[in-house]
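Reader: Please take a close look at a single part of this model, the packing of one pair of helices, and then place that part in its wider setting.

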Amino acid sequence: MAADSPPPPGAAADWTVPQAWDSYTPAEHAMWDRLFARQSAMLPGRVTPAFLDGLDVLRMTRPGIPNFEELNDRLMQRTGWQVVAAPGLVPDAVFFDHLANRRFVAGRFIRTPEQIDYLEEPDIFHDVFGHVPLLAHPVFADYMQAYGQGGLRSLGFGALHKLARLYWYTVEFGLIREDGGLRLYGAGIVSSFGESKFALDDPSPNRIGFDLKRLMRTKYRIDDYQQSYFVIDSFDDLLRQTMETDFAPLYAELEDSDDLEPDALISDDRVITHGTQAYALAKAAE
């Protein structure tokens with residue numbers, strides 16, 4: 001979406017809209033409760049404990065979809081973040097500016113029963129259940145703000161597609177090494193019943209130790225489960241590498257490097273799992 005696109009009718013200049021919590025139907029609240037119960041029951045032992053700690057901010061006094069006003073009171077006390085509603089996807093510059101100012105943009109619609117296991121555009125369950133618990137974690141909250149600040153700078157280098165890969169492979173589809181094993185933390189995984197299992201248990205995907213330059217060379221899948229996942233050692237290390245990296249020369253270096261396919265492995269990789277790619281191959285043969 002073009003950076004200079006005007007906000008849609010009814011949206012403020014920063015593309016935010018009222019959540020209009022009172023407009024949700026009983027069926028929409030019931031869908032949230034169904035998704036919340038399913039994911040929160042299967043994630044313990046699979047997700048980083050920091051996510052489970054952060055789930056407390058979503059345990060509202062009323063069942064159903066969280067009211068952002070109440071949610072923000074709790075989240076602001078934890079890390080100074082707040083959730084703002086938007087009518088859909090927003091321009092990159094707007095998105096980065098919100099993150100840089102500790103505002104997370106969330107869609108306000110929720111999926112239908114027919115979309116319970118997959119939908120293309122992120123809904124409120126993905127955005128709020130998937131992202132908000134870790135925004136209550138101080139170090140990850142700082143990382144998200146730093147990403148927004150870096151995103152604003154990236155617009156001047158024509159390197160947005162490279163930086164988008166960092167968000168994709170960490171914020172959305174990241175794994176973390178904890179307690180001698182791998183745990184989930186990416187919002188795209190923890191909000192997906194199927195990928196919560198696939199990302200940890202399936203022999204198909206590669207699981208590769210986090211390396212900033214390598215990750216930013218790697219394409220990703222937007223239409224199915226990932227063919228590779230990158231594993232961070234800690235949130236502190238992720239924040240440190242992001243804060244200590246001068247991205248301007250990195251972008252220049254990446255311009256001289258070939259992109260890597262989503263299933264690629266290279267000699268410098270710290271390979272944790274050499275995936276069979278059986279899932280992707282079977283889907284491609286359909």
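Author: The part chosen is the contact of helix H7 with helix H12. In H7, His161, Lys162, Leu163 and Leu166 meet Phe247, Tyr251, Leu254 and Glu255 of H12, where contact means heavy atoms within 4.5 Å. The residues of this contact divide into 5 nonpolar, 1 polar and 2 charged; Ala, Val, Leu, Ile, Met, Phe, Trp, Tyr, Cys and Pro count as nonpolar, Asp, Glu, Lys and Arg as charged, and the others, Gly among them, as polar.

The model is predicted: local features need pLDDT of at least 70 and side-chain atom pairs count only at pLDDT 80 or more, while totals for chains, interfaces and linings use all residues. Residues are numbered from 1 along each chain as its sequence is written, and side-chain values use heavy atoms, with hydrogens and water left out. Helices (H or I, at least four residues) and strands (E, at least two) are DSSP runs, numbered from the N terminus.

H7 spans residues 160-172 and H12 residues 247-255; they pack at an angle of about 105 degrees, with their axes 10 Å apart. Axes are lines fitted to C-alpha atoms, for helices over the stretch in contact, and angles run from 0 to 180 degrees between N-to-C directions. H7 is therefore roughly perpendicular to H12, a term for angles of 65 to 115 degrees, whereas those under 35 count as roughly parallel, those over 145 as roughly antiparallel and the rest as oblique.

Another helix pair has a different arrangement of axes. Helix H6 (residues 138-154) and helix H11 (residues 235-244) have axes that come within 9 Å and cross at roughly 25 degrees, so H6 and H11 are roughly parallel to each other. H6 passes H11 in a left-handed crossing; a crossing is left-handed if the near helix is turned anticlockwise from the far one by less than a right angle, and right-handed if clockwise. The H6 residues Val139, Phe140, Asp142, Tyr143 and Ala146 meet residues of H11 that include Phe235, Leu238 and Met243. This contact divides into 8 nonpolar, 1 polar and 2 charged residues.

H6 also packs with helix H4 (residues 92-100), at an angle of about 145 degrees and with the axes 7 Å apart. The crossing of H4 and H6 is left-handed as well. Among the residues that meet are Phe96 and Leu99 in H4, and Tyr147 and Leu152 in H6. Here the division is 7 nonpolar, 5 polar and 1 charged.

The model also holds an open sheet of 5 strands, in the order S4-S3-S6-S5-S7 and with mixed pairing; two strands pair if DSSP finds at least two bridges between them. The edge strands, each pairing on one side only, are S4 (181-184) and S7 (271-273). Strands S5 (residues 206-209) and S6 (residues 228-232) pair in the parallel sense over 4 bridges, and Gly209 has Val231 in S6 as its bridge partner. Helix H9 (residues 193-201) lies across S3, S4, S5 and S6, running at about 160 degrees to S4.
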